[in-house]
Amino acid sequence: MVDVVESPPPREVVLLGSTGSIGTQAIDVVKRNPDRFRVVALTGGGGRVDLLAAQALELGVEAVGVARASAAQDLQLAFYAEASRRGFRRGEYAIPKILTGPDGATEIAAWPCDVVLNGITGSVGLAPTLAALRAGRTVALANKESLVAGGPLVLDALGGDPSRLVPVDSEHSALAQCLRGGRAAEVRKLVLTASGGPFRGRTRDQLGQVTPEQALAHPTWDMGPLVTINSATLMNKGLELIEAHLFFGVPYDDIDVVVHPQSLVHSMVEFTDGSTLAQVSPPDMRLPIALALGWPDRVPHAQAPMDWRRAQSLTFEPLDATVFPAVDLAREAGRRGGTAPAVFNAANEEAVAAFLGHRLPFVRIVDVVAEVVTTHTVVERPSLDEVLDTEQDARARVRALIDQGA
């Protein structure tokens with residue numbers, strides 16, 4: 001008699017930020033792997049209720065969260081319209097529970113599930129991350145601000161189990177994969193790779209007249225405006241450096257950044273014997289998303305692999321810290337610890353918004369952030385309220401500097 005081995009049930013997923021870039025790609029991963037994953041709840045931005053309603057109906061979720069409280073009725077009407085468009089009759093579908101307001105995402109984050117994927121952009125993602133971890137969930141983290149702004153809070157919420165925090169960013173996913181190749185004591189250095197953004201090779205003077213439209217034209221990745229501008233200033237590498245330190249416990253002095261324009265090597269780990277392991281794949285976020293949802297198991301066919309039969313080059317360049325000082329500034333903020341990284345992140349978000357609004361020159365983004373960070377008095381072990389208050393103070397300081405003609 002042949003024993004029948006039953007497959008495990010699909011892993012239940014809560015998806016925060018379902019209408020954004022990470023969220024829509026995560027849904028694609030789930031739809032192509034219905035035997036592995038099932039979305040039970042999701043949240044999205046209040047400005048895209050039609051897409052949010054379509055996602056909720058297609059996935060058959062139990063609950064939906066939307067940040068803008070006034071969008072609840074719009075979401076319900078969009079849900080009915082989408083059901084009608086798909087030819088459903090009343091009774092053939094269930095209306096999910098709708099949660100609204102700033103606490104909606106936090107409540108959804110604690111929804112019963114196996115893994116919470118936090119794809120929210122910005123520091124508003126911190127409270128949902130903490131709620132998910134405190135509820136005992138595994139968090140697949142694409143919201144880098146959670147760690148940057150609230151690092152000590154997030155680490156405390158893990159309760160001594162770091163395996164419950166899994167990276168989604170391609171760089172940190174690459175590091176996690178490479179770190180499987182050796183023991184912690186054998187790690188000499190982490191190497192984060194950067195595409196260099198759209199202005200690689202330019203001088204500071206050449207960046208003086210950069211427009212938002214030029215900065216939003218990333219050569220490799222399709223991302224939201226904040227992340228795209230961060231890539232242009234290399235602020236994203238600064239945030240990722242702080243995040244790498246907190247994810248993997250490697251000292252700041254042992255984390256390097258190199259420019260790799262092809263965006264095929266997503267990061268590397270150098271070991272004490274001189275060996276370096278690199279994770280290489282085409283630039284497609286579905287691989288790190290699938291790996292994070294299924295961690296520690298890989299999801300077959302998450303994306304197409306490299307075609308090694310085709311001639312291609314992989315090049316690496318040193319980071320020009322004079323033109324792009326954001327990484328050094330992040331390293332200093334990380335070393336200061338406490339609320340300094342939160343100030344670094346919040347000041348940057350405010351400065352980027354000012355640049356996109358044509359109120360701050362591109363080359364002044366990092367300068368303004370530096371002024372706010374260096375004059376900040378650090379709170380060593382902040383509470384969540386202290387982190388949020390510190391961020392508001394940092395944003396106000398950036399606005400004041402801009403009003404003063406920074």
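**Exercise 1. How many aromatic pairs does a search of the whole structure find?**

*Solution.* Keep in mind that you are working with a predicted model. Searching the whole structure gives 5 aromatic pairs. Let's look at one of them. Phe199 and Phe362 have ring centres 5.2 Å apart, with 75° between their planes. Planes over 60 degrees apart count as edge-to-face, so this pair is edge-to-face.

**Exercise 2. Which parts of the chain does the pair of Phe199 and Phe362 tie together?**

*Solution.* Begin with Phe199, which lies in the loop between β8 (187–194) and α8 (212–215). Next find Phe362, in the loop between α13 (340–356) and α14 (365–374). The pair therefore links parts that are 163 residues apart in sequence. Finally, check the surroundings: Phe199 and Phe362 are both buried.

**Exercise 3. Find other places where aromatic rings take part.**

*Solution.* One aromatic cluster is made of Phe79, Phe88 and Tyr93. Then turn to Trp295: the charged end of Arg180 sits over its ring, 4.3 Å from the ring centre.

**Exercise 4. Which residues touch the most other members of the largest nonpolar core?**

*Solution.* This core has 87 residues, and the answer is Val14, Leu190, Phe344 and Phe362. You have already met Phe362 in the edge-to-face pair. As for helices and strands, α13 gives the most to this core, with 10 residues. Apart from this core lies another, of 38 residues, including Val30 and Leu59.

Now zoom in on Leu190. Setting aside neighbours within four places in sequence, Leu190 has contacts that include Leu175, Leu179, Phe248 and Met268. Asp254 and Asp256 are also among them.

Methods:
Residues numbered from 1 in each chain as written. Predicted model: local features only at pLDDT ≥ 70, side-chain atom pairs only at ≥ 80, totals over all residues. Heavy atoms only, no water. Phe/Tyr/Trp six-rings, centres within 6.5 Å; stacked < 30°, edge-to-face > 60°. Helix = DSSP H or I, 4+ residues; strand = E, 2+ residues; numbered from the N terminus. Buried < 20%, exposed > 50% of the residue type's maximum accessible area, 1.4 Å probe, protein only. Lys NZ or Arg CZ within 6 Å of the ring centre and 35° of its normal. Core = buried A, V, L, I, M, F, W, Y, C linked by side-chain atoms within 4.5 Å. Contact = heavy atoms within 4.5 Å.
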